[in-house]
Amino acid sequence: MDFSRPLDDLSLAALKKRCRKTQERVYRDYASTAWTLGMRLSGCEARAWDAVQSGFVRAFERIGQLRDARAFGPWLRRLIVNQVMDQHRRGFVALPAEHDMAAEPAPPDDGLDLERALARLDPLDRAVLWLHDVEGLTHAEIADLTGQTPSWSKSRLSRTRARVRGWLEPAQPEPAEPETTAMNATDEHH
Amino acid sequence: MKTDPLNLRRLPPLEPPPGLWSAIDQHLHQPRRPRWRVWAPAVAAAITVALVLTVLVQGPEPPHDFAADPIRTSPIQAAMAQSAGLESELRAREQGSVNARALPLLLLLEAELAWVDLRLAERPQDLGLWQQRSDLLAAMILRYAEPVDLAPWSTELL
């Protein structure tokens with residue numbers, strides 16, 4: 001289930017009564033989507049755990065304030081993104097340098113795979129890229145979540161895409177001459 | 001046809017660790033102390049310290065002069081009273097709906113308030129902390145007082 005899939009009215013009513021079984025079922029429905037978001041944005045299991053746990057806890061605790069069941073998914077997504085952004089602002093869970101992907105040596109010539117390239121990005125760049133390209137948020141919505149302006153989001157996205165493409169698409173090798181020589185040798189042999 | 005190497009949607013979905021639901025469930029259903037029981041010990045300690053300081057600095061109280069001003073409150077007592085009043089008002093307001101746009105700020109203010117409460121438990125006589133607490137409560141009350149509007153998901157009524 002992704003965040004755009006609506007919650008049904010019965011589930012919303014049960015959540016408002018703090019029904020434990022419904023809470024677990026709703027958690028199971030959204031768990032993979034929420035965890036993927038937490039991991040992709042934070043790039044770290046401990047931070048993702050913190051963000052996703054806090055997101056679900058706040059969503060279930062404040063469910064009484066939600067009127068429209070259809071808004072549950074987007075609301076949960078917003079809570080999780082807020083948690084990750086908050087972690088980033090506070091910086092209290094910053095990883096030590098040896099775990100900092102950005103501090104790793106330059107990628108090898110054969111490039112990085114997409115997952116590693118994403119993990120290598122600065123947290124804000126990663127958030128902008130993921131929220132726009134996967135979650136489908138507009139620049140205005142990203143600006144709202146990150147406390148920046150839409151033009152900041154646009155330029156950050158453009159710059160981030162260029163960087164990741166540079167990592168993913170290594171320089172083309174020069175045409176190899178020995179191959180021609182080898183072919184000629186084979187021809188001579190025949 | 002060449003595929004876009006930067007297509008993030010082709011990354012596989014991830015499965016959460018098995019213990020995550022237990023942690024959420026425990027957080028939701030563990031018996032918790034009401035908020036007043038969290039900060040009441042700090043308030044009690046602050047009053048005690050304030051009284052002791054008053055006696056030490058001023059010496060024994062002179063016989064009560066009924067002609068004089070009836071009640072003199074110290075700045076810290078006034079700050080505590082103001083904080084308690086704002087807390088009551090906030091408790092009354094937070095039962096209602098809140099504008100979704102105010103939610104991120106409210107979450108932040110709530111976290112700040114918890115942090116101030118923790119520091120007050122250590123330094124209950126700190127007037128600055130009590131004033132900071134009142135400022136945070138007042139800011140939260142203002143957010144709850146904002147009109148609720150209907151809008152797309154990003155500003156959906158929460």
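Which helix of chain B holds B:Ile47? In this predicted model, B:Ile47 sits in helix α2 of chain B, the stretch covering residues 35–58. The residue is partly exposed, since its relative accessible area is 36%. A look along the chain also turns up a long-distance partner: B:Pro124 is 77 residues away from B:Ile47 in sequence, yet the two C-alpha atoms are separated by 8.3 Å.

Now for the chain as a whole. Chain B has 5 helices and 0 strands, which gives the pattern α-α-α-α-α when read along the sequence. It has 158 residues, and 34% of them count as buried. If contacts in chain B between residues at least 6 apart in sequence are taken, 80% of them join residues at least 24 apart.

Chain A is also built from helices, with 9 helices and 0 strands. Its pattern along the sequence reads α-α-α-α-α-α-α-α-α. Of its 190 residues, 47% are buried. For contacts in chain A between residues at least 6 apart in sequence, the share that joins residues at least 24 apart is 66%.

What about the nonpolar cores? The largest one has 60 residues, and A:Phe56, A:Phe72 and A:Val164 are the ones with the most contacts inside it. Domain 1 (1–95) and domain 2 (104–171) of chain A both supply residues to this core, so it lies between them. Apart from it there is another core, this time of 22 residues, with B:Val43, B:Leu109, B:Trp130 and B:Leu137 among them.

Within the largest core, A:Phe56 is worth a stop. With residues up to four places away in sequence not counted, A:Phe56 touches A:Tyr27, A:Tyr30, A:Ala31, A:Ala34 and A:Leu76, and also B:Ile24 from the other chain.

In the 22-residue core, B:Leu137 can be followed in a similar way. B:Leu137 belongs to helix α5 of chain B, residues 127–145, and is buried, with a relative accessible area of 0%. Once neighbours within four places in sequence are left aside, B:Leu137 is in contact with B:Ser83, B:Leu86, B:Glu87, B:Leu90 and B:Leu113. As for B:Ser83, it lies 54 residues from B:Leu137 in sequence, while the C-alpha atoms of the pair are 7.6 Å apart.

Which helices bring the two chains into contact around B:Ile24? Helix α2 of chain A (residues 20–42) and helix α1 of chain B (residues 20–29) have axes that come within 11 Å and cross at roughly 135°. That angle makes α2(A) oblique to α1(B), and the crossing is right-handed. On the α2(A) side, the contact is made by A:Arg20, A:Gln23, A:Glu24, A:Tyr27, A:Arg28 and A:Trp35. On the α1(B) side, the residues are B:Leu20, B:Trp21, B:Ile24, B:Asp25, B:Leu28 and B:His29.

Much the same stretch comes up when burial is considered. The buried residues of α1(B) are B:Leu20, B:Trp21, B:Ala23, B:Ile24, B:Asp25 and B:Leu28. Their cover includes two helices of chain A, namely α2 and α3 (45–61).

Helix α2(A) has partners inside its own chain too. One of them is helix α1 of chain A (residues 9–16), which packs against α2(A) at an angle of about 125°, with the axes 8 Å apart. The two helices are therefore oblique to each other, and α1(A) passes α2(A) in a left-handed crossing. Here A:Ser11, A:Ala14 and A:Leu15 of α1(A) meet A:Thr22, A:Gln23, A:Arg25 and A:Val26 of α2(A).

The loop between α1 and α2 of chain A holds A:Arg18. Phi of A:Arg18 is near 60°, a positive value in a residue other than glycine. Most residues other than glycine have a negative phi. A:Arg18 counts as partly exposed, at 37% relative accessibility.

A further partner of α2(A) is helix α4 of chain A (residues 72–90), packed at an angle of about 35° with the axes 10 Å apart. The crossing of α2(A) past α4(A) is right-handed. From α2(A), the contact draws on A:Val26, A:Tyr30, A:Ala34, A:Leu37, A:Gly38, A:Leu41 and A:Ser42. From α4(A) come A:Phe72, A:Gly73, A:Leu76, A:Arg77, A:Ile80, A:Val81, A:Val84 and A:Gln87.

Conventions. Residues are numbered from 1 along each chain as its sequence is written. Chains are lettered from A and ligands numbered from 1 in the order in which they are written. This is a predicted model: local features need pLDDT of at least 70, side-chain atom pairs count only at pLDDT 80 or more; totals for chains, interfaces and linings use all residues. Side-chain values use heavy atoms; hydrogens and water are left out. A nonpolar core is a set of buried Ala, Val, Leu, Ile, Met, Phe, Trp, Tyr and Cys residues joined through side-chain atoms within 4.5 Å. Buried means under 20% relative accessible area, exposed over 50%, partly exposed in between (1.4 Å probe, protein chains only). Domain bounds come from an automatic or database domain assignment. Contact means heavy atoms within 4.5 Å. Axes are lines fitted to C-alpha atoms, for helices over the stretch in contact, and angles run from 0 to 180 degrees between N-to-C directions. Helices (H or I, at least four residues) and strands (E, at least two) are DSSP runs, numbered from the N terminus. Angles under 35 degrees count as roughly parallel, over 145 as roughly antiparallel, 65 to 115 as roughly perpendicular and the rest as oblique. A crossing is left-handed if the near helix is turned anticlockwise from the far one by less than a right angle, and right-handed if clockwise.
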